[in-house]
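Biologist: I am new to reading structures, and I would like a close look at one part of this one. Could you pick a sheet, tell me what packs on it, and then add a few other spots to visit?

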Amino acid sequence: MRTTPLTTVRNLGILAHVDAGKTTLTERVLYATGTTHKRGEVHDGTTVTDYDPQERDRGITIFAAAVSCTWNEHRINLIDTPGHVDFADEVERSLRVLDGAVAVFDAVAGVEPQSESVWRQADRHGVPRIAFVNKMDRVGADLDAAVASLRDRLHVVPLVVQLPIGREDGFTGVVDLVRMRALLWSAAAGTSGSGSGSGTFEVAAVPDALREEALRRRRLLDERVAELHPAALEEYCATSTLSTSTLIAALRELTRGGEGVVVLCGSAYRNRAVEPLLDAVVDYLPSPADMPPVRGTALHGARAEGVEERVADPAAPFAALAFKVNATATGRLTCLRVYSGTMRKGETVLDATAGRTERIGRILRVQADRHAEVEQAVAGDIVAVVGLKSTRAGTTLCAPDAPLVLEPPTVAAPVVSVAVEAGTRADIGRLSSALARLVEEDPSLAVRTDPETGQTVLSGMGELHLEVAVEKIRLSHGLRVEVGRPRVAYRETVARGVSGLVYRHVKQDGGAGQFAHVVIDVAPLDGDDDGDSVIRDGSGTGTGGSGGAGGFVFRSVVVGGRVPQEFVRAVEAGCRDALAEGPLGGHPVTGLRVTLTDGATHSKDSSEMAFRAAGRFALREALRAATMELLEPVVEVVVTVPDEAVGGVLGDLAARRGRVAGSTTRTGSTSITAAVPLAELFGYASRLRSRSQGRGTFTSRPVGYAPVPATVYARGASD
C-alpha cells in the first residue's frame with residue numbers, strides 16, 4: 001500500500017529550451033533528495049535520465065525519462081523532457097499525464113524559442129507551472145531581464161520570490177522573499193556534497209547590503225499578489241502587508257489557477273538553490289488530489305455512453321493512460337499514469353481503446369533505465385508495466401467491469417521524410433520489423449511504402465528526429481541502413497497534341513499473323529479552369545481516368561463498323577499500357593484525350609491482341625511527336641509564424657517557387673497559405689525554424705500537379 005497519502009504526491013515535468021539545464025537540474029534534484037549519491041554530468045555522459053547512448057554522445061535529451069524521489073515526506077515523480085523542437089511530441093505525451101511543471105530558463109538568454117513552444121503546449125493542457133531561472137553564475141546573467149522576457153514573450157504575471165546574492169561567478173545564494181531570510185551555499189557546494197541529500201547551504205539573516213532591496217521587492221510581491229487574490233487583498237488592505245502563511249497560500253492558489261507564475265533562481269550546475277526549488281514544488285504545485293476529476297467516455301459494450309468523471313481515489317474503478325512504450329528485444333515496457341483505482345500485479349485489465357484484455361505482469365517504479373518492482377500502483381502513480389502485449393501510447397487501461405476511454409495525447413503530423421532501405425537483400429525483413437518497432441515506440445514517426453516509386457519512406461518531426469531514429473535502428477538491430485532523399489513522383493502531359501497519326505501493326509511469323517490499322521488524335525485533356533496552373537487530382541472525365549493528375553479520356557468516332565467494338569476496347573487498353581512511361585523521362589503520362597478516328601481490319605489476322613499492340617505503339621509514336629510537358633506534384637502549405645518573421649518566410653517561399661494564396665493574422669502570429677512544389681519542400685522544416693527562431697510551424701497536403709518551369713526542367717527530369 002502507499003506509505004504516503006495522495007496529497008503528498010507531485011507529478012511534474014522539467015520543461016525548457018535545449019541547453020537551458022533541464023537534465024543537470026534533474027540530476028541535482030536526485031542528488032539533493034538522496035536518490036543518488038554522486039552527481040551526474042551531461043558533458044561526462046554520466047546522467048541518470050540521459051541514459052541512451054545517443055543522448056550521451058550528442059549531449060542532449062532525446063527521450064522523456066521518468067524518475068522518482070522523496071523530499072520532505074513528499075513523493076515526486078519527475079519527467080525530464082527533451083528541449084529540441086524535433087522531439088516536441090515527447091513533451092506532448094508527457095504533459096498529458098502531468099499535474100505540474102518546472103519551466104527552466106537561461107539567466108542570460110531568458111525566454112528562448114523552444115521554451116516558448118513548450119510553454120504553449122503546457123497552456124493547452126492546463127498544467128500549472130513555476131519558473132526556475134538557471135545559470136545565475138554565467139557571465140551576463142540577469143534575473144530581472146529574464147523575468148521581463150517571461151512577461152513580454154509568454155504574457156504571464158511573474159511572481160518573483162527570490163533575490164540573488166552575488167552576480168555571475170560571485171553568485172552564492174538567494175534571499176527568500178517569502179520568509180525574509182538568506183540561503184547561502186559554500187564554495188564547496190559546486191564541487192562536492194554531503195551525499196546525504198541535505199546539501200551544504202546555511203540559513204542566515206538577509207545581508208545588510210541587500211536588506212533595503214529585499215524589503216522593496218517583498219512589498220512589490222505583496223502588492224502584486226493582493227491584486228490577484230481576494231483573501232490576500234483583504235489582509236493587505238487591513239495591515240499593508242501579507243503574513244508568510246497568507247502569502248504562501250495565495251501563491252499556491254495563483255499557481256494552480258494559472259493566474260501567476262512563481263519565479264525562483266539558482267545554478268543547477270553549481271548545485272545552488274536546488275533545495276528551495278524543491279520546497280516550492282511541494283508548496284505551490286498541485287497533488288493529484290488537487291486536480292479536477294479526469295474525464296473520459298464511458299462504454300457499454302462497443303457503444304459510447306457519454307462523458308464520465310473519475311476522481312483520484314484508490315478505491316474508485318481503475319483507469320490509467322499509457323503515454324510511452326519502450327519496445328525491446330526482450331519485451332515491452334509501458335509507462336502508465338494511474339488516474340483512479342488500484343492496479344495490482346497479475347490482474348487482468350481492459351484495453352478500452354482496442355477492446356481486448358491485457359494481463360499485468362510486473363509493476364515497476366521507474367528510475368530512468370533502472371526499475372524497482374512494486375506489488376501495486378494506485379491513483380496518482382506514474383509507473384511502468386511489463387507484460388502488456390499490444391498497448392500503445394495513448395491507450396486507456398481500465399477495470400473490465402467499468403470501461404472508460406480517456407482522451408489520448410495528440411500526435412502532430414510528420415513534416416520531414418527520408419527514404420530508407422536495407423543495405424543487403426537479406427536484411428529487408430529485419431528492417432521492416434525494426435521500423436514497426438520504432439513506430440510503436442514513437443507515434444510521431446510514420447512509415448509507408450510509396451506505391452509509385454516503391455521506396456520505403458520514414459517520416460518524422462525534423463531532420464534530427466529522423467537521424468536519431470535511423471541511428472537507433474543501426475545500433476539496436478545491427479542493420480546497415482541506406483538513407484536518401486525520397487524520389488518525387490513526376491508526371492508527363494501533352495501540351496500540344498497531334499492529329500491523324502496513322503499506325504499499321506503488321507506481323508507475320510509463319511503462323512497466324514497480326515494485323516491492325518488505327519488512326520488517332522491526341523490532345524490535352526480540358527480540365528475545369530479554376531484560375532490557377534495546378535492540375536487537380538481526379539478531374540478526368542469520359543470512359544475512365546488514369547488515376548493520375550488530370551486523368552485520361554478515350555473515345556471512338558469510327559463509323560461504318562470499320563473497327564468492331566471489341567477491337568475499340570483493345571485499342572483503349574493498349575493506350576492505357578502506353579501511359580505507363582512517357583517520352584521525357586519515363587514518367588507516367590496523364591492529362592490527355594485520345595480519339596480513335598479511323599482504322600481497318602483483316603478478315604483473318606486481326607485480333608484483340610493485335611489492336612491492343614497497335615493502340616500501345618500508336619500512342620507512343622504520338623507522344624513522341626507531340627509537345628510534352630513535365631508535371632511535378634504540388635502541395636498546399638499553411639505556415640504559421642510570428643509577425644516579425646513574415647517577411648523572411650515569404651521570401652523563402654518565393655525562392656522555393658511557392659505561390660502565396662492568402663494569409664490570416666491572429667494575435668502575434670500570421671498564417672500564410674501557399675502552393676509549393678513538393679520537390680522544393682525537402683529541408684523546409686529546418687529552414688523555417690531558422691528563419692523564425694524555432695517558433696514557426698507548417699502543415700501540408702497534396703493538391704495536384706503543375707508544369708515544371710523550363711528553368712528547372714533539367715533538374716526535375718533527372719530526379
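Modeller: Here is a walk through one sheet and its helices, followed by some stops elsewhere in the chain.

First, some ground rules. This is a predicted model, in which local features need pLDDT of at least 70, side-chain atom pairs count only at pLDDT 80 or more, and totals for chains, interfaces and linings use all residues. Residues are numbered from 1 along each chain as its sequence is written, and side-chain values use heavy atoms, with hydrogens and water left out.

To set the scene, the chain has 16 helices and 38 strands. Helices (H or I, at least four residues) and strands (E, at least two) are DSSP runs, numbered from the N terminus. Of its 719 residues, 53% count as buried. Buried means under 20% relative accessible area, exposed means over 50%, and partly exposed is in between (1.4 Å probe, protein chains only).

Now find the sheet. It is an open sheet of 4 strands in the order S30-S31-S34-S33, with mixed pairing. Its edge strands are S30 (498–507) and S33, each pairing on one side only. Neighbouring strands in this sheet are turned by 25 degrees against each other on average, direction ignored. For angles like this, axes are lines fitted to C-alpha atoms, for helices over the stretch in contact, and angles run from 0 to 180 degrees between N-to-C directions.

Strands of a sheet pair through backbone hydrogen bonds, either parallel or antiparallel. Here, two strands count as paired if DSSP finds at least two bridges between them. S30 and S31 pair in the antiparallel sense over 8 bridges. To see one such position, look for Val506, which stands opposite Phe515 in S31.

Next come the helices. H12 packs on the sheet, touching S31, S33 and S34, and its direction makes about 155 degrees with that of S33. H13 lies across S30, S31 and S34, running at about 40 degrees to S31. Contact, throughout, means heavy atoms within 4.5 Å.

Let us stay with H12 (residues 565–578) for a moment. This helix has 14 residues and reaches 20 Å from its first C-alpha to its last, close to the 20 Å expected at 1.5 Å a residue. The expected span is 1.5 Å times one less than the number of residues. Which residues of H12 are buried? They are Phe567, Val568, Ala570, Val571, Glu572, Ala573, Gly574, Cys575 and Ala578. Their cover includes strands S31 (514–524), S33 (552–556) and S34 (592–600), together with helix H13 (608–625).

Now for a smaller pairing, between S7 and S8. These strands are antiparallel over 4 bridges, and Gln162 has Asp176 in S8 as its bridge partner. In a regular strand the side chains alternate between the two faces of the sheet. S7 is covered on both faces: Gln162 and Pro164 on one side and Leu163 and Ile165 on the other are all buried.

In the loop between S7 (162–165) and S8 (173–176) you will find Glu168. Glu168 has a positive phi of about 50 degrees although it is not a glycine, and it is partly exposed, with a relative accessible area of 25%. Asn72, also not a glycine, has a positive phi near 50 degrees. Asn72 lies in the loop between S2 (65–71) and S3 (74–80), and at 49% relative accessibility it counts as partly exposed.

Our next stop is Tyr284, in helix H9 (residues 274–284). Tyr284 is buried, with a relative accessible area of 3%. Leaving aside neighbours within four places in sequence, Tyr284 is in contact with Ile130, Val178, Ile248, Leu251, Arg252, Thr255, Arg256 and Val262. Tyr284 and Arg129 are 155 residues apart in sequence but 8.9 Å apart in space, C-alpha to C-alpha.

For a contrast, visit Gly258, in the loop between helix H8 (244–257) and strand S11 (261–265). Gly258 is exposed, with a relative accessible area of 59%. Its C-alpha is 8.1 Å from that of Val127, although the two are 131 residues apart in sequence.

Such links across the sequence also show in the whole chain: among contacts between residues at least 6 apart in sequence, 72% join residues at least 24 apart.
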